[in-house]
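Grab a coffee and work through these short exercises on side-chain contacts. Try each task yourself before reading its solution.

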Amino acid sequence: MKILVAPEIEAYAQVHSMPESSICRALREETERTMEYAQMLVGPLEGAFLKMLAQLVGAKRVLEIGMFTGYSALCFAEALPEDGTVVTCEIDEASAAVGRRFFVQSPHGRKIDIKLGPALDTMRQLTGPFDVIFIDADKTNYLNYYRRALDLLSPNGVILIDNVLWDGEVLKHPPPDERTAAIQELNRVVSTDPRVTAVLVTIRDGVLVVKRKA
């Protein structure tokens, strides 16, 4: 991943944000030590951002598209009330297995429901509403995930879409590959969708925050 924010600035922001829990830190360190694509972790600063947004909307139900090793799912679970639920979709069993080992160590792990398999198939079977929907999976399906997410979103909920700056590749025209093209198309569609309002936040690799218009 390219560095879009100076490391010292990110470190400063992290120090002055809500702290990472000990279980999240242990999961992050294990992922960084053992997983080939550890850079897919959202990390402590973005994790704090996700938790804050879940708290701001008073979320009870969260849907996550793309779990990886479960760091963001655990962040969400920590932000939810005791009867809250995080439904998280993952296609890779090995990644999910890492998350499971840490979920059982957390008092919030019982809130997490892992759905293995293609996320679009899972989303078609789910019933809303969800208060937060976090999209962080295969980029070529981002627009499909967004469209289905709108169907599942609660009236006052938010959709959060990760990696929408894509290492700065979104600035390139023509796009260098289909994943970049898919993210560019998603950003264009969301920004012109009359049903929603959105802000693209330049935290880490870019997070698109979307809500329905009043």
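**Exercise 1.** Find what Arg61 does at the ring of Phe130 in this predicted model.

*Solution.* Start with the cut-off: CZ of Arg has to be within 6 Å of the ring centre and within 35 degrees of the ring normal. Now check the pair: Arg61 lies over the face of Phe130, 4.1 Å from the ring centre.

**Exercise 2.** Work out how Phe76 and Phe134 are arranged, and what their pairing links.

*Solution.* Step one: ring centres must lie within 6.5 Å to pair, and planes over 60 degrees apart count as edge-to-face. The count comes to one aromatic pair. Step two: Phe76 and Phe134 are 5.9 Å apart centre to centre with 65° between the planes, so they are edge-to-face. Step three: place the partners. Phe76 belongs to helix H4 (residues 71-79) and Phe134 to strand S4 (residues 130-135), so the pair ties together parts 58 residues apart in sequence. Last step: both Phe76 and Phe134 are buried.

**Exercise 3.** Decide how many disulfides there are, then look at Cys75 and Cys89.

*Solution.* Recall that a disulfide is a covalent bond between the sulfur atoms of two cysteines. The cut-off here is 2.5 Å between the sulfurs, and the count is zero disulfides. Take Cys75: the nearest cysteine sulfur, that of Cys24, is 3.9 Å away, so Cys75 is in no disulfide. Cys75 is also buried, because its relative accessibility is 3%. Next, Cys89: the closest cysteine sulfur is in Cys75, 18 Å away, which is too far for a bond. With a relative accessible area of 2%, Cys89 is buried.

How values were computed
Residues numbered from 1 in each chain as written. Predicted model: local features only at pLDDT ≥ 70, side-chain atom pairs only at ≥ 80, totals over all residues. Heavy atoms only, no water. Phe/Tyr/Trp six-rings, centres within 6.5 Å; stacked < 30°, edge-to-face > 60°. Helix = DSSP H or I, 4+ residues; strand = E, 2+ residues; numbered from the N terminus. Buried < 20%, exposed > 50% of the residue type's maximum accessible area, 1.4 Å probe, protein only.
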